[in-house]
Each structure stands twice: as structure tokens, then as C-alpha cells.
Amino acid sequence: MGHIGDSLDRAALSVSTRPIPVGAQARVRFLVKRAKGSTKAVAEQLGVSQRTIERYLKGEIRRPRKELADRMAAEVRRLWQPRVKQRARRQAATATGLVIETRARFGFTAAPGSTDDSRVRRITQHLPPDYAARLFAAQDAGAGERQLQQIAAEGLQEIYFKDRGRRADGLQVEFTDIDYVEIDYS
């Protein structure tokens, strides 16, 4: 995905109430349980044979290849505690909002006489629930990184730079050259 989409996914993982299964056998067992007992479905998900999945379940194979281990871990993370993740997203979108920490280049289009030179800034800012809801809706709709970046830029523009409309009227912010972005549920 991209910086913001990946950060939203990491934030969802951080709300888990139980640890994710660690070993290959435990992960395969979880995936098979989620697939309602279908080893064939899990094999198709992971791109291996059904017999390989059965051997992991029996404990005959203990250490998967790196590529398979990565696919297994990603699939388990994606499916782990969906209701907990959904509840945290709903809470952020309706009541608490998100905290975004970023180091990126911010440029401005502002009134004459002010400087519009872009520069790198490190910003940690709470975004209200309406921006969280917009980010989640865009991510669920399959929006690209550029659209997610635009929503985050609008939130930072209104909350951080314009101070909720109390200053810098007419300021337009460009959010580019992202070094990193960390998003957390507040």
C-alpha cells in the first residue's frame, strides 16, 4: 500500500487484546479454524498444496520457508480479532479520533507576503473523529495512497496549521516527501 495505509493497518494491529499465534503449527491451525476446517482453502490462500497444510497441522513440518512464513504471518495478522479491530475503528471514527505523527515536507499556498517555501517538519497531532472516519471510509473503498495522503493533509491543515479556523485563513497545505507516518488510535 503506502505510508498512510500501512500505518492505519499497524494501528489496527496494536489494539489486539491477545497475542497472535507464534509457531507455524499454531498459525496454520488458526487459519484452518477460520476457514471452517477447510485445509484446501488455506492451501489456496497461502499458495501451497493441501498436503503441506495437513503436514503443518500434524506437526510433521515445523519451519516454513521464509516466503511462506511471511505469507502465513500476514494472513494471521489480517484475520486476527476482527471484532476488536472493528470496535476500535468505530470508537476512533465516532468519539476519540486518531493521533498522527509524521516527518514530512510541508509546503504552503498562502496570502502574499508570507513564505511558502516547503520544509521538513515533525508533527504529532490529534485528528478529530470526522477525519478518522474519512480515512477509514477511503481505505475501505480501496482508495490509493495519494487520496489517503490528501485526507491526512486536510486534517493537519485544519487542526495544526489553521488551528481550527482561528488563524491562517486561506492557507493550503501540501503534504509530500513523507519520511515516516505513525497513526495510533487515541
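**Helix packing, pockets and an aromatic pair**

Helix H1 (residues 3-13) packs against helix H7 (residues 129-140) at an angle of about 105°, and the two axes lie 11 Å apart. The model is a predicted one. Angles of 65 to 115 degrees count as roughly perpendicular. H1 and H7 are therefore roughly perpendicular to each other. On the H1 side, the contact is made by Ile4, Gly5, Leu8 and Asp9. H7 contributes Leu135, Phe136 and Gln139. By class, this contact comprises 4 nonpolar, 2 polar and 1 charged residues.

H1 also takes part in a pocket. The largest pocket has a volume of about 400 Å³. It is lined by 16 residues, of which Asp9, Ala12, Arg77, Arg78 and Lys85 are the closest to its centre. Asp9 is also one of the H1 residues that make the contact with H7. Four elements, H1, helix H5 (66-79), helix H6 (82-96) and H7, each give two or more residues to the lining. The largest share, 5 residues, comes from H1. The lining of this pocket divides by class into 6 nonpolar, 2 polar and 8 charged residues.

The second largest pocket holds about 240 Å³ of space. Its lining is formed by Arg18, Phe30, Lys33, Arg34, Leu79, Trp80, Gln81, Pro82, Arg83 and Val84. Helix H2 (24-34) and H6 are the elements that give two or more residues to this lining. H6 thus appears in the linings of the largest pocket and of the second largest pocket. By class, the second lining has 5 nonpolar, 1 polar and 4 charged residues.

Aromatic contacts were searched for across the whole structure, and 5 aromatic pairs were found. One of them is formed by Phe106 and Phe161. A pair of aromatic rings is described by the distance of the centres and the angle of the planes. For Phe106 and Phe161, the centres are 5.5 Å apart and the planes make an angle of 50°. The pair is tilted. Phe106 lies in strand S1 (residues 98-109), and Phe161 lies in helix H8 (residues 145-161). The two residues are 55 residues apart, and the pair links distant parts of the chain.

Conventions
Residues are numbered from 1 along each chain as its sequence is written. This is a predicted model: local features need pLDDT of at least 70, side-chain atom pairs count only at pLDDT 80 or more; totals for chains, interfaces and linings use all residues. Side-chain values use heavy atoms; hydrogens and water are left out. Axes are lines fitted to C-alpha atoms, for helices over the stretch in contact, and angles run from 0 to 180 degrees between N-to-C directions. Angles under 35 degrees count as roughly parallel, over 145 as roughly antiparallel, 65 to 115 as roughly perpendicular and the rest as oblique. Contact means heavy atoms within 4.5 Å. Ala, Val, Leu, Ile, Met, Phe, Trp, Tyr, Cys and Pro count as nonpolar, Asp, Glu, Lys and Arg as charged, and the others, Gly among them, as polar. On a 1 Å grid over the protein atoms alone, a cavity is a set of points where a 1.4 Å probe fits but cannot get out, and a pocket is an open set with protein on both sides within 12 Å along at least five of seven lines; lining residues have an atom within 4 Å of a point. Grid points are joined across faces, edges and corners, and a volume is the space filled by probe spheres set on the points. Rings of Phe, Tyr and Trp (its six-membered ring) pair if their centres lie within 6.5 Å; planes under 30 degrees apart count as stacked, over 60 as edge-to-face and the rest as tilted.
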